[in-house]
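Open the model in your viewer and keep the selection tool at hand. The tour goes from one selection to the next and says what to look for at each stop.

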Amino acid sequence: MQANYNEIIPNNVDLGDDRRLLRALERWQPAYLRWWHEMGPAESNDFQVYLRTAISVDSDGWAHFGHVRMPDYRWGIFLARPEADRTIGFGDHRGAPVWTEIPGEYRGELRRLIVTQGDTEPASVEQQRRLGATPPSLYDLRNLYQVNVEEGRHLWAMVYLLHAHFGRDGREEAEALLERHAGDPDRPRILQAFNERTDDWLSFFMFTYFQDRDGKFQLAALSESGFDPLSRTCRFMLTEEAHHMFVGETGLMRIVQRTCELVREHDTLDVRAAGGVPLPMIQKWINFHYSICLDLFGSERSTNAANYFAMGLKGRYQESKRDDDHTLADEQIEIPKVTADGIDTQVIAARAGMNLLLRRDFTLDSQRGLDRFNKIIKAHDIDFELTLPDEKFNRAIGIFAAIHASPAGALVDSERWEREKDAWLPTADDRAFVRSLMIPVTDPGKVAGWIAPPKRGIHGKPFDYDYVRFH
Ligand SMILES: [Fe+2]
Ligand SMILES: [Fe+2]
């Protein structure tokens with residue numbers, strides 16, 4: 001029997017009217033569901049989860065809330081409404097009308113941008129697939145699954161663009177997005193941070209705080225694109241992304257809160273015996289996640305990034321709000337440079353420094369949450385400050401990949417790095433300790449001892465609501 005995809009797939013792209021696109025999606029959807037069963041949240045297929053489902057792009061009432069089995073989730077395709085007479089906002093084509101079809105000469109670049117973004121979405125689901133075995137509360141378990149189904153929808157969003165605009169090679173790329181897997185030695189995900197393991201909930205909250213924030217900045221830069229369907233897709237994805245970062249930020253706040261309570265109660269910073277995560281250990285997790293996320297932005301000096309900007313494909317964060325000529329044709333910026341004597345600066349064309357500019361905005365945004373965590377620590381009268389490590393710390397991509405530095409930014413030689421890195425990054429013992437705290441709590445209204453309960457529930461429901469039903 002022919003499925004009615006226009007009904008199964010909520011959408012605002014007139015899916016029912018496009019036979020070619022329907023056929024492509026009909027072929028891809030079963031492969032997607034196979035992937036969800038094999039690589040998605042483990043042993044969760046029969047759970048009824050209180051999920052929000054996107055059903056439109058209108059700011060009032062874009063989402064529907066209700067209990068659903070995740071394999072029955074209605075992964076939809078939504079583009080923000082077109083802006084009338086929108087023009088390209090930056091680069092060499094600034095002022096020209098936006099493209100509604102792929103500009104032929106930029107086909108390869110656009111495909112690469114869409115595939116790279118698309119690859120991160122299912123990757124994160126794969127990385128998080130075992131967390132459902134150890135939730136600190138039903139509320140958190142539901143949030144994990146909410147993030148997972150929405151990353152699945154983000155994959156749909158990118159696959160829609162590939163199917164709708166790239167013909168046969170788009171279909172091949174859509175298949176390949178289901179064939180690469182996080183951490184697979186033979187067919188890994190494209191970006192390294194999306195091959196790391198996320199097997200404890202401290203890592204999950206760090207992931208949704210830092211990796212999803214990288215997602216926010218990439219999507220924001222792509223939402224400026226002169227290729228209008230990409231821009232409109234990313235604008236709607238950003239509304240979902242905000243929730244992922246909310247999960248990360250409030251999750252970390254609740255951990256810091258609980259740790260501080262335990263520090264006061266037991267009068268020691270080492271709250272391990274009391275079943276808490278010590279602040280210095282939280283700092284190590286920050287050091288790890290933040291530094292691998294800096295790598296996601298790519299090299300400080302990049303010809304690809306310069307091209308994407310010149311071509312009008314990928315802009316700066318909040319491009320339209322910036323007070324300059326938006327072409328940057330003759331502008332220059334200073335970037336760091338590694339020399340025999342240490343770190344110096346060099347001057348390069350501003351367009352070539354796009355990755356670094358976006359990364360700096362990410363850093364400012366990341367610091368805001370840390371300020372909130374530090375307020376909690378201060379309110380408990382504890383002398384400790386959580387910080388973002390220096391940009392030189394633990395880098396594998398770009399200028400600083402060639403050197404070692406401490407979290408404070410001091411250059412260190414390999415010997416000292418080897419000697420001290422266990423004090424800066426999570427060790428096997430640290431990870432084993434955090435995993436030892438991960439005892440599942442699934443009674444409604446109950447919460448694990450290492451994290452404070454949330455301030456409020458979801459969508460007006462109380463914290464002790466049965467957000468996940470296990471039958
Ligand atoms: Fe996403
Ligand atoms: Fe996300």
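A residue is called buried here if 20 or more other C-beta atoms lie within 10 Å of its own, and exposed if 12 or fewer do. Keep in mind that this is a predicted model.

**Stop 1: Glu300 in its loop**

Select Glu300, which sits in the loop between α8 (279-296) and α9 (303-311). Is Glu300 buried or exposed? It has 24 other C-beta atoms within 10 Å, so it is buried. Now add Gly353 to the selection: along the chain it is 53 residues from Glu300, yet the two C-alpha atoms are separated by 5.7 Å. Leaving aside residues up to four places away in sequence, Glu300 touches Ile335, Pro336, Gly353, Asn355, Leu356, Gly398 and Ile399.

**Stop 2: the β3-β4 hairpin**

Ile335, one of the residues that Glu300 touches, leads to the next selection. Select β3 (residues 332-339) and β4 (residues 342-349), which run antiparallel and are joined by 8 bridges. Strands of a sheet pair through backbone hydrogen bonds, either parallel or antiparallel. The connection from β3 to β4 is a hairpin through 2 residues. Which residue of β4 is the bridge partner of Ile335? It is Gln346.

**Stop 3: a sheet of three strands**

Next, select β1, β2 and β7. They form an open sheet of 3 strands in the order β2-β1-β7, with antiparallel pairing. At the edges stand β2 (63-69) and β7 (468-469); each has a single partner strand, so one side of each has no neighbour in the sheet. Helix α4 packs on this sheet, where it touches β1 and β7, and its direction makes about 40 degrees with that of β1. Between β1 (residues 48-54) and β2 there are 7 bridges in the antiparallel sense. To see one pair, select Tyr50 and its bridge partner in β2, His67.

**Stop 4: the nonpolar core**

Stay with α4 and bring in the core. The largest nonpolar core has 111 residues, and Val159 and Ile255 are those with the most contacts inside it. Helix α4 gives the largest share of this core, 16 residues. Select Val159: not counting residues up to four places away in sequence, it touches Trp28, Gly118, Ala174 and Leu177.

**Stop 5: the two sides of α5**

Ala174 and Leu177 are among the buried residues of α5, together with Gly170 and Glu173. These residues cover an arc of only 105 degrees around the axis, which puts them on the same side of α5. An α-helix has 3.6 residues a turn, so residues three or four places apart point the same way. What do the buried residues of α5 pack against? They pack against α2 (19-39), α3 (107-127) and α4 (138-165). Turn to the other side of α5 to find Arg168, Asp169, Glu172 and Glu179, which are exposed. For a check on length, take the 13 residues of helix α5 (residues 167-179): at 1.5 Å a residue they should span 18 Å, and the end C-alpha atoms are 19 Å apart, which agrees.

**Stop 6: Glu121 in α3**

Finally, select Glu121, which is in helix α3. Glu121 counts as buried because it has 22 C-beta neighbours inside 10 Å. Its C-alpha atom and that of Arg153, 32 residues apart along the chain, are separated by 8.4 Å. Glu121 touches Glu151, His154, Leu155 and Met158, again not counting residues up to four places away in sequence.

Technical notes: Residues numbered from 1 in each chain as written. Chains lettered and ligands numbered in written order. Predicted model: local features only at pLDDT ≥ 70, side-chain atom pairs only at ≥ 80, totals over all residues. Helix = DSSP H or I, 4+ residues; strand = E, 2+ residues; numbered from the N terminus. Expected span 1.5 Å × (residues − 1). Arc of directions from axis to C-beta. Contact = placed C-beta atoms within 7 Å. Core = buried A, V, L, I, M, F, W, Y, C linked by C-beta atoms within 7 Å. Pairing = 2+ DSSP bridges. Axes fitted to C-alpha atoms, helices over the stretch in contact; angles between N-to-C directions.
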